Amino acid sequence: MNSELQNLGTIQIPHPIIHEDECKACGRCVAACPKKVLRISTRFNNKGMTPVEYIGEGCIGCGICFYNCPEPYALEVQKK
Ligand code: SF4
Ligand code: SF4
């Protein structure tokens, strides 16, 4: 099977990946997300902060959350 045909069978779903212990719960990504699919959780991380969480659907992979996050390792966006 050539690569074009293989890609037809691949569903790519963008989503944020949150590294909870790096998040300081500033809320910048929540405010910046155009799809409003991020929220501050009610859990505590190892810094005693309530890290952000993804609601589980609706991300368009724009990366705006990543570019608004002041913590270099708290948030990344995967396209699949
Ligand atoms: S990539 Fe865009 S749509 Fe997805 S969570 Fe981040 S800001 Fe929201
Ligand atoms: S912008 Fe970064 S540090 Fe702030 S709540 Fe979002 S992931 Fe956490």
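Start with Thr50: leaving out residues up to four places away in sequence, it touches Ala25, Ile40, Ser41, Thr42, Arg43 and Phe44. Bear in mind that this is a predicted model. Thr50 sits in the loop that links β2 (38-40) to β3 (52-54). With 17 other C-beta atoms within 10 Å, Thr50 is partly exposed, because being buried would take 20 or more. There's also a longer-range relation here: Cys26 is 24 residues away along the chain, yet the C-alpha atoms of Thr50 and Cys26 are separated by 9.4 Å.

**The overall layout**

The protein chain has three helices and four strands, and they follow the order α-β-α-β-β-α-β along the sequence. Of the 80 residues in the chain, 16% are buried. If you take the contacts between residues at least 6 apart in sequence, 61% join residues at least 24 apart.

One strand pairing is worth a look. β1 (residues 15-18) has Pro16 and Ile18 on its covered face, while His15 and Ile17 are on the uncovered one. That's in keeping with a general pattern: in a regular strand the side chains alternate between the two faces of the sheet. β1 pairs with β4 (residues 75-78) in the antiparallel sense, over four bridges. Within that pairing, His15 stands opposite Gln78 in β4.

**Leu38 and the core**

So which residues make up the largest nonpolar core? There are 10 of them: Ile18, Cys23, Cys29, Cys33, Leu38, Val52, Cys65, Cys69, Ala74 and Leu75. Leu38 is a good way in. This residue belongs to strand β2 and counts as buried because 23 C-beta neighbours fall inside 10 Å. Setting aside residues up to four places away in sequence, its contacts are Pro16, Cys29, Val30, Cys33, Val52, Tyr54 and Cys65. For one of those partners, Tyr54, the C-alpha atoms are separated by 4.7 Å, with the two positions 16 residues apart along the chain.

**Two ligand shells**

The model holds ligand 1 and ligand 2, and cysteines show up around both. Ligand 1 is surrounded by 13 residues, the closest being Cys33, Cys59, Cys62, Ile64 and Cys65. By class, that shell has 10 nonpolar, two polar and one charged residues. Around ligand 2 there are 14 residues, and Cys23, Cys26, Arg28, Cys29 and Cys69 come nearest. This second shell splits into nine nonpolar, two polar and three charged residues.

The core and the shells share some names. Cys33 and Cys65 are core members and are also among the closest residues to ligand 1. Likewise, Cys23, Cys29 and Cys69 belong to the core and are among the nearest to ligand 2.

**Two odd backbone angles**

Most residues other than glycine have a negative phi. Ala25 has a positive phi of about 60° even though it is not a glycine, and Lys36 is another non-glycine with a positive value, about 55°. Ala25 lies in the loop between β1 and α2 (28-32), whereas Lys36 is in the loop between α2 and β2. Ala25 is also one of the residues that Thr50 touches.

Here are the neighbour counts for four of the residues discussed above.

| Residue | C-beta neighbours within 10 Å | Class |
|---|---|---|
| Thr50 | 17 | partly exposed |
| Ala25 | 18 | partly exposed |
| Lys36 | 10 | exposed |
| Leu38 | 23 | buried |

Definitions and conventions. Residues are numbered from 1 along each chain as its sequence is written. Chains are lettered from A and ligands numbered from 1 in the order in which they are written. This is a predicted model: local features need pLDDT of at least 70, side-chain atom pairs count only at pLDDT 80 or more; totals for chains, interfaces and linings use all residues. A residue is near a molecule or strand if its C-beta atom, placed from the backbone, lies within 6 Å of it. Ala, Val, Leu, Ile, Met, Phe, Trp, Tyr, Cys and Pro count as nonpolar, Asp, Glu, Lys and Arg as charged, and the others, Gly among them, as polar. A nonpolar core is a set of buried Ala, Val, Leu, Ile, Met, Phe, Trp, Tyr and Cys residues joined through C-beta atoms within 7 Å. A residue is buried if 20 or more other C-beta atoms lie within 10 Å of its own, exposed if 12 or fewer, and partly exposed in between; C-beta atoms are placed from the backbone. Two residues are in contact if their C-beta atoms, placed from the backbone, lie within 7 Å. Helices (H or I, at least four residues) and strands (E, at least two) are DSSP runs, numbered from the N terminus. Two strands pair if DSSP finds at least two bridges between them.
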